[in-house]
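Dear colleague,

I am passing on the structure we spoke about, and my notes follow directly below it. Please read them alongside the coordinates.

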Amino acid sequence: MTELTRAGSAPCADEPIGSSMLLDAATFPIVRMNFAHDPADTHDDDFAAFEALLDRATPFVIIGQGAGEEIDHEHDHDVDERRRLALWSKKQKPRLRAFVKAMIYVEPSTAKRLGMKAFQIVSEKFWGYPMLVAASDAEALTMARGLLKC
């Protein structure tokens, strides 16, 4: 992971601040999240990268892609992994609410986008920030810039 840049930088700057398999913050405050990663991953690097983003104390938007069937069905996490994720989310909830404006998931399929409504509600309750859905990367970027007002 690369070194983090200063926390007080201007929103919508293109500053690299580090990345992991799951998160790519090269265009912070727009952060890319790729759900298509090794299921054997313990997520330690992912938690650390997410915490580093929150440590910046600057609002950002996550654009997510690559979940495939995971987004439609519960991802197969073991009980310990689900517990760890829930505890992390609960501990970080105030910072998640304060700094994550939304997670925008890119889903080209109209049917799948419509089917994600229930998942969006559950996701927002769990994470503390809204989950929005876009048909394309371009639409997601427009939504993200609107949320960030840049």
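A contact here means heavy atoms within 4.5 Å. Please bear in mind that this is a predicted model.

With that cut-off, and leaving aside residues up to four places away in sequence, Val 133 touches Tyr 105, Glu 107, Arg 113, Met 116, Gln 120 and Met 143. Val 133 lies in strand β5, which covers residues 131-134, and because its relative accessibility is 17%, where buried means under 20%, Val 133 counts as buried. One of its contacts, Met 143, is 10 residues from Val 133 along the chain, and the C-alpha atoms of the two are separated by 9.6 Å.

As for the chain as a whole, there are 5 helices and 5 strands, which follow one another from the N terminus as β-β-α-β-α-β-α-α-β-α. Of the 150 residues, 41% are buried, and among contacts with a separation of 6 or more, 69% are between residues 24 or more positions apart. The exposed area of the protein chain is about 8,200 Å², and 58% of that is supplied by carbon and sulfur atoms.

The pairing of the strands is also worth a look. Strands β1 (residues 23-27) and β2 (residues 30-34) are antiparallel, with 3 bridges, and they form a hairpin with 2 residues between them; Thr 27 has Ile 30 of β2 as its bridge partner. Strand β2 is also joined to β3 (residues 60-65), by 5 bridges and in the parallel sense, with Val 31 standing opposite Ile 62 of β3.

With kind regards

Key
Residues are numbered from 1 along each chain as its sequence is written. This is a predicted model: local features need pLDDT of at least 70, side-chain atom pairs count only at pLDDT 80 or more; totals for chains, interfaces and linings use all residues. Side-chain values use heavy atoms; hydrogens and water are left out. Helices (H or I, at least four residues) and strands (E, at least two) are DSSP runs, numbered from the N terminus. Buried means under 20% relative accessible area, exposed over 50%, partly exposed in between (1.4 Å probe, protein chains only). Two strands pair if DSSP finds at least two bridges between them. Accessible areas come from the Shrake-Rupley method with a 1.4 Å probe; for residues, only the protein chains shown count as cover.
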